[in-house]
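Colleague: Can you walk me through this one? I'm new to it.
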Amino acid sequence: MTGKTSKILVVDDDDAILESLRGLLESEGYGVETAHNGREALDKLARMEPARLILLDLKMPVMDGWQFLSERSRDAASGTVPVVLLSGLPFIPNAPGVSDFLSKPINPSRLLDCVRRFCGEPAEI
């Protein structure tokens, strides 16, 4: 991933969503890591280069998005990374530790606008 300045962690249990978001974001020049649940996401955050943004589904097995947010709030380093919720719900009020919300199905242009707001433009590859 040489040349990609912003690492984004996408957390969703749906492989089709993970791959489509990875493809879109990488085609725009962003570095992407994926996780299938909150536990895997926490493990990746502990091992990977610092993430600039986390795109987080809420309903997942093993550890859902709410549990992930609760666990993550205990880690000062990862607690500063903005989180954007991805959900089929139309609106989620008062979600602590969440910077933004995108409803599913994800609109690619809204997603990219959101990613640019938190990560800036990717570096030239």
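Modeller: Sure, let's start with Lys7, which counts as buried at 6% relative accessibility (buried is under 20% relative accessible area, exposed over 50%, partly exposed in between, with a 1.4 Å probe and protein chains only). Keep in mind that this is a predicted model, where local features need pLDDT of at least 70, side-chain atom pairs count only at pLDDT 80 or more, and totals for chains, interfaces and linings use all residues. Residues are numbered from 1 along each chain as its sequence is written, and side-chain values use heavy atoms, leaving out hydrogens and water.

Colleague: Which residue does Lys7 form a salt bridge with?
Modeller: Glu33, with the closest N and O atoms 3.9 Å apart. A salt bridge here is a side-chain nitrogen of Lys or Arg within 4 Å of a carboxyl oxygen of Asp or Glu.

Colleague: And where do Lys7 and Glu33 lie?
Modeller: Lys7 is in strand 1 (residues 7-11) and Glu33 in strand 2 (residues 31-35), so the pair ties together parts 26 residues apart in sequence. Strands are DSSP runs of E, at least two residues, and helices are runs of H or I, at least four, numbered from the N terminus.

Colleague: Is Glu33 buried or partly exposed?
Modeller: Partly exposed, with a relative accessible area of 25%.

Colleague: How many salt bridges are there in the whole structure?
Modeller: A search finds 10. Among them, Arg22 and Glu26 meet at 3.5 Å, N to O; both lie in helix 1 (residues 15-27), four residues apart.

Colleague: Which residues are linked in a network of salt bridges?
Modeller: Glu28, Asp113, Arg116 and Glu121.
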